[in-house]
Amino acid sequence: MKKRRIRNSVLALGILTAVSTLMFACNPKETETGDPGLLLGFSQIGSESAWRIGNTNDIEEQAANYGINLMFENANQKQENQIAAIRRFIAYKVDVIAFSPIVEEGWDNVLQEAKDAGIPVILVDRDISSEKEDLTACLIGADFYSEGVKAGEYLIRKADSMETEELHIVEITGTDNSTPMRQRQAGFADAIKDDERMHILESIDGDFLKSRGAECMRTLLEKYGDEIDVVYSHNDEMTLGALPEIEKAGLVPGKDIIIISIDGGQDAIDVLKSGKINCVVECTPKLGKEVMETAIKLKNGESVEPMIHPEEQVFSDEGDLSNIAPRGY
Ligand code: AHR
């Protein structure tokens with residue numbers, strides 16, 4: 001009888017443990033020690049590029065590393081989905097909201113709602129444009145303007161080395177009204193504006209998509225043919241879409257046309273090594289560590305840096321490409 005009672009209490013303990021484990025699993029705010037954990041709501045733009053997928057993976061990995069409970073929502077390239085996700089995060093009373101705004105305008109109302117609910121917001125990757133102050137705590141993302149400047153400076157050095165008198169440039173831009181589109185365009189334009197050899201024939205919206213990069217390149221080749229000396233593309237995805245179109249037109253990318261891309265994903269770096277891309281300006285998607293550390297500070301009521309830019313480099317045919325470490329995206 002005694003033995004049986006012990007077995008019953010072991011069984012009861014087992015059932016209790018199972019039930020409480022289930023409760024912890026159902027309530028992401030509670031950790032196994034009973035302390036309320038940090039719940040972070042993250043609204044991602046979509047899955048438009050290798051960069052974006054690398055960014056999502058990094059956010060998920062770093063949330064796990066820091067023991068942060070992540071409510072992740074993918075907006076599939078729609079601003080209204082991001083706004084709805086942020087409203088769900090507010091209703092769920094998350095501790096911190098982070099999101100990558102697809103475009104700069106149109107966030108005032110939902111961010112005011114987050115502020116009224118006392119939930120701090122981290123901008124990840126891209127910025128917003130607003131006349132209201134203090135809607136967000138900080139921005140963690142690349143310096144897109146400086147990326148555009150680096151692309152322009154590379155082109156000036158390339159023109160010098162080729163001793164060319166004129167270069168006709170086509171620009172395939174990212175999503176209209178997004179921060180990287182605006183700033184990569186402005187940085188590049190500012191860098192080349194005093195160089196009389198540089199002429200931008202056209203800037204065309206490729207929406208950061210490979211399929212649009214191909215379409216844009218077809219349109220540009222039909223319009224300008226072999227007048228095009230340079231393609232400046234705002235991301236690798238569009239560049240990788242454009243290259244086969246250049247080859248179909250009987251031109252050799254990297255030789256007949258100088259190709260400049262931004263991001264630095266593995267596929268583009270491999271093509272750079274093969275000689276079909278001349279320059280890739282790095283934009284790292286690995287922002288997760290900074291996001292998690294900032295979320296912890298915000299939850300603890302500590303002050304945070306208003307702007308955090310990661311270090312980024314330039315890979316080009318000017319340098320040794322043999323030692324580039326695996327990119328991881
Ligand atoms: O906002 C960063 C940009 O968005 C990356 O350059 C691009 O690849 C992504 O889709």
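**Exercise 1.** Find how far a polar side-chain atom of Asp263 lies from an oxygen atom of the ligand.

*Solution.* Start at Asp263: the gap is 2.6 Å. That fits the cut-off for a polar contact, a pair of N or O atoms within 3.5 Å. Next, look at Arg126, where a side-chain N or O atom is 2.9 Å from a ligand oxygen. Finally, try Asn235: here too you get 2.9 Å between a side-chain N or O atom and an oxygen of the ligand.

A quick note: this is a predicted model, where side-chain atom pairs count only at pLDDT 80 or more and local features need at least 70. Residues are numbered from 1 along each chain, and hydrogens and water are left out of side-chain values.

**Exercise 2.** Work out which residues surround the ligand, and sort the shell by class.

*Solution.* First, list the neighbours (a heavy atom within 4 Å): among them are Glu48, Trp51, Arg184 and Phe208. Then sort the shell: six charged, four nonpolar and two polar residues.

**Exercise 3.** Find which domains supply the shell.

*Solution.* Check domain 1 (39-141 + 285-310) and domain 2 (144-283), assigned automatically or from a database: each gives at least three residues.

Definitions and conventions:
Polar contact = N/O pair within 3.5 Å; in protein donor to acceptor, adjacent residues only side chain to side chain. Nonpolar A, V, L, I, M, F, W, Y, C, P; charged D, E, K, R; others polar.
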